[in-house]
Amino acid sequence: MKKSLRLGVALSALTLATAACSGGAASTSKQDADGPIRIAVVTPQSGPYAEYGEEQREGIQFAADEANANGGIDGHEIELEFADSLGTAEGALTASQRLVQEKNARFIIGLVSSPEMAAVTPKLEAWDALMIGTQGQSDDLTGKSCTPRYFRVTANDTAGVNTIAHWLTEEKLPQWDSIAADYSFGQASTAGIEKTLKGEDSKLNVKLFSPLGTTDFGSHLSQLSGKGGLVVSLAGSDVVNFLKQALQFGVLQKYETVLVNTGLSAATLKALGDERLVGALGTNSWIPTADNPATKAFVESYAAEKGHPPAENVGNGYLGMQAIFAAIEEAGSIAPADVAEALEGLTFDSIQGEVTMRAEDHQIEAPTYVGTVQKTAGGGLELVATAAIPAATNNPSPNPACKLD
Amino acid sequence: MFVQVLNGLAFGVLLLVLSSGLALIFGLRGVVNFAHGAIYMLAAYVAMAITDRTSFWLALVTVPVLLAAAGLLVDRFGLRHLSGRSPLDMVLLTFGITFVVADVIQTTWGTRAHTIDPPSALQGSTDLGLATYPTYRLFVIAMGLLVCAALIAWLKFSRTGLFVRAAGDDRTTTGAMGVNVDRVSGTVVALGFGLAGLAGVLAGPYLTLSPAMGTEILITTFIVVVVGGLGSIGGPMIAALLVGLAHALATVQAPTFSAYVPYLLMLGVLLVRPQGIAGRRTAL
């Protein structure tokens with residue numbers, strides 16, 4: 001008993017020591033008006049979303065390098081400071097606070113999931129910081145919990161659902177099954193699908209949820225009917241896990257159509273590399289195959305430099321940086337308060353062409369994309385965009401619950 | 001229902017192979033091997049590298065052996081020197097190995113998820129009469145049960161097995177009887193690492209490889225060992241299958257609670273039988 005007590009005490013001490021290392025003292029120095037633009041890149045470096053974190057960092061780094069090579073933004077050099085969000089809300093908060101207060105990096109970017117962002121957004125004003133959302137989709141971030149210092153350059157859940165609605169209405173199947181991640185993204189997706197299908201004389205037959213980080217989907221798979229279509233609203237390594245096991249069980253092949261809400265990313269398709277996925281339908285906030293001159297130009301310059309096309313979230317991270325740069329140029333200042341004011345309602349050129357940051361709720365007005373999985377010339381798979389859903393169709397009107405003043 | 005039982009068995013068997021290694025090392029060295037998940041993960045990645053170049057079968061044979069050798073080294077140059085000191089020193093060592101292995105994996109193979117294809121003989125599904133089930137999962141179940149049967153036989157009937165059981169019971173007395181306890185412990189740590197390696201290779205084509213796979217399964221494995229009873233080998237084996245089955249059935253019957261099931265099981269066992277199903281000790 002004594003031994004175990006000692007072990008327990010020691011373990012707690014270890015935990016405390018780790019926490020103390022990442023806490024740190026606050027710094028009061030102000031961002032130097034003529035100094036560099038310091039950007040806090042807070043991404044998950046482990047866990048189910050580590051891959052997304054890496055993509056975000058690549059896009060953000062590419063944007064910073066490009067800007068610095070062209071003489072900086074409005075005369076300021078870009079400096080990136082990196083920290084690991086650990087993929088958790090507490091981790092995101094600790095890491096962001098450290099970069100803001102110790103490194104004086106007041107522009108936060110790179111967080112992947114909505115729960116991570118929701119932990120940080122309430123603190124932004126007190127820290128005199130600004131955050132760009134480049135992936136998390138929760139409606140609340142630009143809805144009832146919107147804050148003056150948070151801006152999102154990617155689609156929100158409702159826009160995502162309005163985008164899958166394109167396929168749900170086009171496919172005209174009498175019934176669909178759904179499997180979704182058991183948190184805001186998957187729940188919003190499932191609710192949206194159910195609503196859309198009601199209006200289409202179709203129905204949601206089986207409705208399943210799986211916790212984030214599920215390793216074995218066997219029990220879920222045995223509950224799927226294999227009839228009609230299947231909508232998958234999973235992300236990260238979960239979607240790879242699910243699709244792989246669904247192919248092994250032979251369940252995926254039974255469906256007439258498989259539709260994946262944002263999950264059919266370049267990374268997923270590369271990990272699976274299974275030709276039986278050809279023809280699957282996908283959606284995303286932005287995809288590199290989008291038929292848009294600005295997207296094409298970005299993909300070409302990225303590929304010329306790196307030797308491969310950018311993944312989806314490389315583009316999203318890059319787009320977030322474009323928003324910061326455009327607002328700094330508009331404001332003529334690098335003070336977060338001035339930049340936030342300039343970004344409100346700002347129309348700027350991006351990898352999606354001309355987009356507008358809506359003033360009412362700080363949700364971007366930009367197209368979203370639908371596509372089908374096709375085989376590339378090199379033998380790999382990619383989600384090829386077949387249509388763009390314009391902002392007017394995908395974007396819900398601002399939630400009146402969002403009060404920014 | 002039949003498929004759920006198979007699902008439970010498949011995952012349970014994986015836990016079984018992992019937890020018997022963990023329990024063996026705990027029994028002999030008195031150390032909770034935090035590196036167990038990392039070793040399992042390393043095995044899966046190395047198996048992927050070997051499978052890509054040659055064949056899965058080669059990986060299945062070589063990887064556990066390689067990791068057993070690594071285990072021998074860890075014991076010879078690490079754990080053995082720490083055996084008289086506070087358990088925290090051992091925890092720090094195995095915890096440290098976890099970080100090193102995880103970073104090596106992330107640097108070598110990146111953060112993205114990978115998959116291994118099952119060998120061609122085990123691809124597709126098999127018709128079992130009541131249901132068709134992926135052949136590879138049936139192979140995992142068979143392999144896991146076979147290995148555990150062999151392990152039990154070794155512990156029960158071999159001379160080294162006798163030493164292992166004796167040293168697990170009372171290290172000092174066993175040493176006094178003329179058994180080289182350090183050597184026995186080395187064998188057991190190697191065996192434990194080898195079993196974690198085997199679980200990793202088996203998990204490759206069954207689950208998905210990602211730098212998070214080690215920690216994800218380690219927690220469940222700890223639960224299995226606690227439910228099964230510290231200091232016992234048979235207990236964790238029963239507990240592994242129990243946790244696997246309970247999880248599979250709960251996913252269907254009570255999906256909202258399925259994530260809590262292993263924890264509830266642990267809570268229940270600790271309340272009713274604090275020493276676990278077959279444990280002889282109540283604490284470290």
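**Exercise 1. Work out whether Asp128(A) is buried, partly exposed or exposed, and say where it sits.**

Step 1: count neighbours. In this predicted model, Asp128(A) has 15 C-beta neighbours inside 10 Å. A buried residue needs 20 or more, and an exposed one has 12 or fewer. Asp128(A) therefore counts as partly exposed.

Step 2: place the residue. Look in the loop between helix H5 (124–127) and strand E4 (130–133) of chain A, and you'll find Asp128(A) there.

Step 3: check the backbone. Asp128(A) has a phi near 55 degrees, a positive value in a residue other than glycine.

**Exercise 2. Do the same for Asp201(A): where is it, and is it buried or exposed?**

Step 1: find the loop. Asp201(A) belongs to the one between helix H7 (184–198) and strand E7 (203–210) of chain A.

Step 2: read phi. For Asp201(A) the angle is near 55 degrees, again positive in a residue that isn't glycine.

Step 3: count. Asp201(A) has 8 other C-beta atoms within 10 Å, so it is exposed.

**Exercise 3. Describe the surroundings of Gly332(A).**

Step 1: locate it. Gly332(A) lies in the loop between helix H12 (312–331) and helix H13 (336–343) of chain A.

Step 2: judge exposure. Because it has 11 C-beta neighbours inside 10 Å, Gly332(A) counts as exposed.

Step 3: look back along the chain. Gly320(A) is 12 residues away from Gly332(A) in sequence, and their C-alpha atoms are 18 Å apart.

**Exercise 4. Follow the chain from strand E1(A) to E2(A): which helix does it pass through, and what is the hand of the crossover?**

Step 1: start at E1(A), residues 37–43, where 7 of the 7 residues are buried. In a regular strand, side chains alternate between the two faces of the sheet. Here one side carries Ile37(A), Ile39(A), Val41(A) and Thr43(A), the other Arg38(A), Ala40(A) and Val42(A), and both faces are covered.

Step 2: find the partners. E1(A) runs parallel to E2(A) (residues 78–84), with 7 bridges joining them; Arg38(A) stands opposite Glu79(A). E1(A) is also parallel to E3(A) (residues 107–109), through 3 bridges, and there Ala40(A) faces Ile108(A).

Step 3: trace the connection. From E1(A) the chain goes through H2(A) to E2(A), making a right-handed β-α-β crossover.

Step 4: inspect the helix. H2(A) covers residues 50–69 and reaches 28 Å from first C-alpha to last, close to the 28 Å expected for its 20 residues. Of those 20, 14 are buried. Just after H2(A), Gly71(A) takes a positive phi of about 90 degrees.

**Exercise 5. Characterise the contact between the two domains of chain A.**

Step 1: set the bounds. Domain 1 is 36–155 + 292–366, and domain 2 is 158–284 + 369–394. Their centres, taken over C-alpha atoms, are 27 Å apart.

Step 2: count the contacts. Domain 1 puts 13 residues in contact with 18 residues of domain 2. Sorted by class, the domain 1 side has 6 nonpolar, 3 polar and 4 charged residues.

**Exercise 6. Say which helix of chain B gives the most to the side that touches chain A.**

Step 1: size up the contact. Chain B has 30 residues in contact with 33 of chain A.

Step 2: list the contributors. Helices H1 (2–29), H4 (87–109), H9 (213–228) and H10 (234–253) of chain B each give two or more residues. H1(B) gives the most, with 5 residues.

Step 3: classify. The chain B side comes to 18 nonpolar, 10 polar and 2 charged residues.

Key. Residues numbered from 1 in each chain as written. Chains lettered and ligands numbered in written order. Predicted model: local features only at pLDDT ≥ 70, side-chain atom pairs only at ≥ 80, totals over all residues. Helix = DSSP H or I, 4+ residues; strand = E, 2+ residues; numbered from the N terminus. Domains from an automatic or database assignment. Contact = placed C-beta atoms within 7 Å. Nonpolar A, V, L, I, M, F, W, Y, C, P; charged D, E, K, R; others polar. Expected span 1.5 Å × (residues − 1). Pairing = 2+ DSSP bridges. Right-handed = clockwise from strand over helix to strand, strands pointing away.
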